[in-house]
Amino acid sequence: MRRTEQHRTRQERRVRQARRRRVRGALAAVTVTAGLLLTACGGGDDDGSGKRSGTEALEDNGFPAPAPAVPTGPPGTDGGPTGRYEDDGGDRKGELRESPPPSVAADYLSTFALDVDTASYGYARRTLEDGRRPDPSTVRPEEFINSFRQDYERPDGDGFTVTMDGARTGDENWRLVRVGLATREAEDDGRRPPAALTFVIDVSGSMGEPGRLDLARESLGVMTDRLRDDDAVALVTFSDEARTVLPMTRLGDHRGRVHEAIDALEPTDSTNLGAGVTTGYRTAVEGLREGATNRVVLLSDALANTGETDADAILERIGGARREHGITLFGVGVGSDYGDALMERLADKGDGYTTYVSNAEDARELFCDELPRTVDLTARDAKAQVAFDPETVERFRLIGYDNRRVADEDFRDDRVDGGETGPGHTVTALYAVRVRAGATGHVATATVRWLDPGTRVAHERSARVEATALGRPLWTPRTARTGLQVTAVAAYFADALRGAGSQWPPLPGAPRLSELASRAARLATATESPEIRELADAISRADRLA
């Protein structure tokens, strides 16, 4: 009872503070409105898709302007709704004990659908190797960040763990705050559910370039030998039209038939990607296997030039297969000329994700090692929401996820699309946060919500971070050991590639590319990581091209 009264007192104090802020905010609003009238500036923040555009309420430095808030306490803290699955001795049958969402003002909430795509980083590396800087429109910072698996604690079953940490940048009162989500480790191949994979292969003329269809043939051939006997494979090809080359075939004693179909792949005419995806999903539905992970794997340069070329129109054709049967899409991009925007849109709206392969080593790792182990799902429609404490935070910015934003009020609306994840995945979101001078105590709470892939029951997990955990300088040995420096290097690199044409200003504490390359090289030496060595090489190439 005493604790409840203390909480009410804190709440009333915050209400009074918020009222005072509203008075100041109203005066500021008059000034801002007058300025807008004088300069004839304006615009909305809804693109009609239900996603946040990421450009709302920006100050002149490009960061969201703070607004008055009356928090009842962030999720998982005293005085605030937990909104999470109870796992401390409570009912463990998958019930979600959910409270209403916290009444934190929208400007102190950040909500987005999870994304495990990595294609943007892979394509940027390929472009730099070819002696060109990537088009800024193809640079998505979250895909650079998520290209590097992190050593977060992992859950025992499906779902996620949540980790929060951060560090101090070189700019006064600016911190980098990291939200880390991890799924369970990929099980031994013999323990996962059987897979039913429909491969949709682009055999258009553009796929004749070295490193495209030849790469696909070799990789698919090796993967066929790696899959289990109880797995099944179908093969669809498309150029100016699409056809099913091989219906869903249980491998067992039929690997020879699959190899024959793969070996016969040859480039032909134009690229009717819409027909390929539509036929692929029809084939997947016809070969649907109960109790198996049913997935369409699209391998293409995504340079659609005939038939339907609009991602939304293509997805509308296959909407029933996605919704009724839960068939997910995995996009694999290839080629020096690559339709990045189309492939990413297809995967995002097709309940899947994308990656990009630029050489035989990438393809072999993906098709022969990762895909057979991580083909099943651990979470559907996963979303994250971070509630910042207005008592300690002035403003914040989510780095990337520009086309994955979700309206704050839709966080617990399970009809709103989220992201799909599988075993062995980590998802990282990085924020630039300006804390109030002398701030102490709670900074932010991150909550992830997802649906069980089998039962579609909702679950949540939360974690929080305090100001004391963010005081260590970014470039110290300890932050290197946590993987935070790799996250920061990837984010700074993507930010530099987006350049002056970006809607955002440079990140706080951003080093020059030459310094960033040196830091990445030292990290590669310290960790003996070939992936970080490739990152250092890519930054060096970008620096020389600049």
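**Loops, helices and a pocket in a predicted model**

Asn173 lies in the loop that connects strand E2 with strand E3 (174-182); helices (H or I, at least four residues) and strands (E, at least two) are DSSP runs numbered from the N terminus. The model is predicted, so local features need pLDDT of at least 70 and side-chain atom pairs count only at pLDDT 80 or more, while totals for chains, interfaces and linings use all residues. Residues are numbered from 1 along each chain as its sequence is written, and side-chain values rest on heavy atoms, with hydrogens and water left out.

Asn173 has a positive phi of about 65°, although this residue is not a glycine. With a relative accessibility of 18%, Asn173 counts as buried, a class that means under 20% relative accessible area, with exposed over 50% and partly exposed in between (1.4 Å probe, protein chains only). Arg456, in the loop between E14 and strand E15 (458-466), is another residue other than glycine with a positive phi, here near 60°. Its surroundings leave Arg456 partly exposed, at a relative accessible area of 42%.

The overall architecture comprises 14 helices and 15 strands. Of the 546 residues of the protein, 56% count as buried. Among contacts (heavy atoms within 4.5 Å) between residues at least 6 apart in sequence, 78% join residues at least 24 apart.

A third loop position shows one such link between separate parts of the chain. Glu266 belongs to the loop between helix H5 (255-263) and helix H6 (273-286) and is partly exposed because its relative accessibility is 47%. Leu213 is 53 residues away from Glu266 along the chain, yet the C-alpha atoms of the two are separated by 7.6 Å. Leaving aside residues up to four places away in sequence, Glu266 touches Val203, Leu213 and Arg217.

Helix H6 follows this loop. It has 14 residues and reaches 20 Å from its first C-alpha to its last, close to the expected 20 Å at 1.5 Å a residue; the expected span is 1.5 Å times one less than the number of residues. H6 is largely enclosed by the rest of the structure, because 11 of its 14 residues are buried. Among these buried residues are Leu273, Gly274, Val277, Thr279 and Tyr281.

Tyr281 also leads to strand E8, since it is one of the residues touched by Thr328. Thr328 has its place in E8 and counts as buried because its relative accessibility is 1%. The side chains of Thr328 and Arg295 are joined by a polar contact of 3.0 Å, that is, a pair of N or O atoms within 3.5 Å, of which, within protein, one must be able to donate a hydrogen and the other to accept it, residues adjacent in sequence counting only if both atoms are side-chain atoms. Beyond residues up to four places away in sequence, the residues touched by Thr328 also include Asn294, Val296, Asp351 and Glu420.

Strand E8 is also one of the elements against which the buried residues of helix H10 pack; the others are helix H2 (119-129), strand E4 (195-202), helix H4 (213-226), strand E7 (293-300) and strand E9 (353-356). These buried residues are Asp362, Ala363, Leu366, Phe367, Cys368, Leu371, Pro372 and Thr374. H10 (residues 360-374) has 15 residues and spans 20 Å between its first and last C-alpha, close to the 21 Å expected. At its start, a side-chain oxygen of Asn359 reaches to within 3.2 Å of the backbone nitrogen of Glu361.

H10 also provides the largest share of the lining of the largest pocket, namely seven residues. A pocket here is an open set of points on a 1 Å grid over the protein atoms alone, where a 1.4 Å probe fits, with protein on both sides within 12 Å along at least five of seven lines; lining residues have an atom within 4 Å of a point. The lining comprises 43 residues, and Asn146, Ser147, Phe148, Arg149 and Glu531 lie nearest the centre of the pocket. At least two lining residues come from each of H2, strand E2 (161-168), E9, H10, helix H11 (477-482) and helix H14 (530-545).

Strand E14 (residues 442-451) contains Arg449, which counts as buried because its relative accessibility is 4%. The side chain of Arg449 makes a polar contact of 2.9 Å with the side chain of Asp414 and another, of 2.7 Å, with that of Glu460.
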